[in-house]
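Please open the structure in a viewer and keep the selection tool at hand. The tour proceeds by stops, each with something to select and something to note.

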Amino acid sequence: GLLGVGVAWAIATPKAEVSSLDVADGTFESLPPGPITRGFSPRFGEWSGDPVEVVEEPDGNRRLRFMETGNVKGDPKGGASACNAFQFIDLAALRHQWQANDSDARQTLELSAKFERKPSSIDEAFPKLRATLRIYLFDTDPETIAEGWPHVLADVVAVGKKTVRLEPGETSGKVTTTCLLEPEATVALITLGTGVGMESNTPIALGNYYADNVELTLTSSPRLPVRFVK
């Protein structure tokens with residue numbers, strides 16, 4: 001009898017659903033080798049940012065290489081301690097695909113990527129060199145975010161961040177970060193970056209950090225009833 005009840009509960013309990021969302025050129029295979037758009041592109045589905053480039057390996061695989069730290073707004077007085085690549089995701093349009101109007105569901109976004117750090121002459125000078133994965137959610141448009149960066153971060157709806165520190169010659173596994181998909185969020189900004197771990201207002205040459213296999217998924221989990229017992 002107890003076994004029968006357990007099986008019935010397992011069948012009746014709603015399951016979480018995982019959906020893969022589109023990240024344009026997440027594997028960089030369809031992009032030509034060379035620099036990506038400099039600055040902050042306000043268009044959906046386009047990589048842009050600091051000095052980074054798409055490189056093609058001897059085996060034909062293409063991935064992103066972080067070349068130099070910079071300031072994405074081009075502010076000479078701004079910080080230049082990191083090298084970042086950005087892409088805007090249109091959450092408002094994607095909601096029609098995943099049917100996220102179920103008020104009883106709890107949606108979570110997961111951003112993932114793989115990083116590699118090759119040995120370089122700068123290894124001793126920057127022992128705290130690290131890779132960072134971020135996802136920001138906003139209730140506004142990409143143009144406003146690009147124009148107001150970085151002060152617009154004060155208006156962020158939700159954020160997820162993951163930092164890893166690799167040794168020279170080390171390749172990461174799948175690095176992930178998550179954040180709740182708030183119902184008012186209309187735009188996601190995903191960021192891949194490397195930081196030198198110190199303040200700098202002048203560009204620093206890198207060239208030994210790589211990123212690849214960028215993926216974004218949505219997990220919809222049922223909100224199970226909660227009973228408080230005194």
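Begin by selecting Phe28, which is found in the loop between β1 (17–21) and β2 (34–35). The model on the screen is a predicted one. Phi of Phe28 is near 65°, a positive value in a residue other than glycine. Is Phe28 buried or exposed? Phe28 counts as buried because its relative accessible area is 0%, and the term applies to values under 20%.

Next, select Asn213, in strand β14. Asn213 is not a glycine either, yet its phi is positive, near 55°. Its surroundings may be described by accessibility: Asn213 counts as partly exposed because its relative accessibility is 30%, and that class lies between the limits of 20% and 50%.

**The aromatic residues**

Select Phe40 and Trp149 together. How many aromatic pairs does the count give? The count comes to 7 aromatic pairs. In one of them, Phe40 and Trp149 are arranged edge-to-face, with 5.3 Å from centre to centre and 70° between the planes. This pair links distant parts of the chain, as its members are 109 residues apart. Phe40 belongs to the loop between β3 (37–38) and β4 (48–49), and Trp149 to the loop between α3 (142–148) and β10 (158–164). Both Phe40 and Trp149 are buried. Now add Phe86, Phe88, Tyr136 and Phe138 to the selection: with Phe40 and Trp149, these residues form one aromatic cluster.

Keep Trp149 selected and extend the selection to Pro150. A cis peptide bond joins Trp149 and Pro150, with omega at about 0°. Pro150 is found in the loop between α3 and β10.

**The largest pocket**

Trp149 also leads to the next stop. The largest pocket holds about 600 Å³ of space. Of the 28 residues that line this pocket, the closest to its centre are Gly70, Gly79, Ala82, Asn84 and Trp149. Which strands should be coloured to follow the lining? Colour β7 (82–90), β9 (130–138) and β13 (187–195), since each supplies at least two residues of the lining. Sorted by class, the lining has 10 nonpolar, 12 polar and 6 charged residues.

**The salt bridges**

The final stops concern charged side chains. How many salt bridges does a search of the whole structure find? The search finds 7.

Select Glu57 and Arg63 to see one of these salt bridges, in which the closest N and O atoms are 2.9 Å apart. Both Glu57 and Arg63 are buried. Add Glu116, and the selection shows a network of salt bridges that links Glu57, Arg63 and Glu116. Add Tyr210 as well: the charged end of Arg63 sits over the ring of Tyr210, 4.1 Å from the centre of that ring.

Select Arg62 and Glu56. Their side chains meet in a salt bridge with an N to O distance of 3.0 Å. Glu56 counts as partly exposed because its relative accessible area is 44%, a value between 20% and 50%.

Finally, select Glu215 and Lys174, whose side chains meet in a salt bridge of 3.8 Å, N to O. This pair links distant parts of the chain, 41 residues apart: Glu215 is in strand β14 (residues 205–222), and Lys174 is in the loop between β11 (170–171) and β12 (175–180). Glu215 is partly exposed, with a relative accessible area of 40%.

Technical notes:
Residues are numbered from 1 along each chain as its sequence is written. This is a predicted model: local features need pLDDT of at least 70, side-chain atom pairs count only at pLDDT 80 or more; totals for chains, interfaces and linings use all residues. Side-chain values use heavy atoms; hydrogens and water are left out. A salt bridge is a side-chain nitrogen of Lys or Arg within 4 Å of a carboxyl oxygen of Asp or Glu. Buried means under 20% relative accessible area, exposed over 50%, partly exposed in between (1.4 Å probe, protein chains only). Helices (H or I, at least four residues) and strands (E, at least two) are DSSP runs, numbered from the N terminus. Rings of Phe, Tyr and Trp (its six-membered ring) pair if their centres lie within 6.5 Å; planes under 30 degrees apart count as stacked, over 60 as edge-to-face and the rest as tilted. A charge sits over a ring if NZ of Lys or CZ of Arg is within 6 Å of the ring centre and within 35 degrees of the ring normal. On a 1 Å grid over the protein atoms alone, a cavity is a set of points where a 1.4 Å probe fits but cannot get out, and a pocket is an open set with protein on both sides within 12 Å along at least five of seven lines; lining residues have an atom within 4 Å of a point. Grid points are joined across faces, edges and corners, and a volume is the space filled by probe spheres set on the points. Ala, Val, Leu, Ile, Met, Phe, Trp, Tyr, Cys and Pro count as nonpolar, Asp, Glu, Lys and Arg as charged, and the others, Gly among them, as polar.
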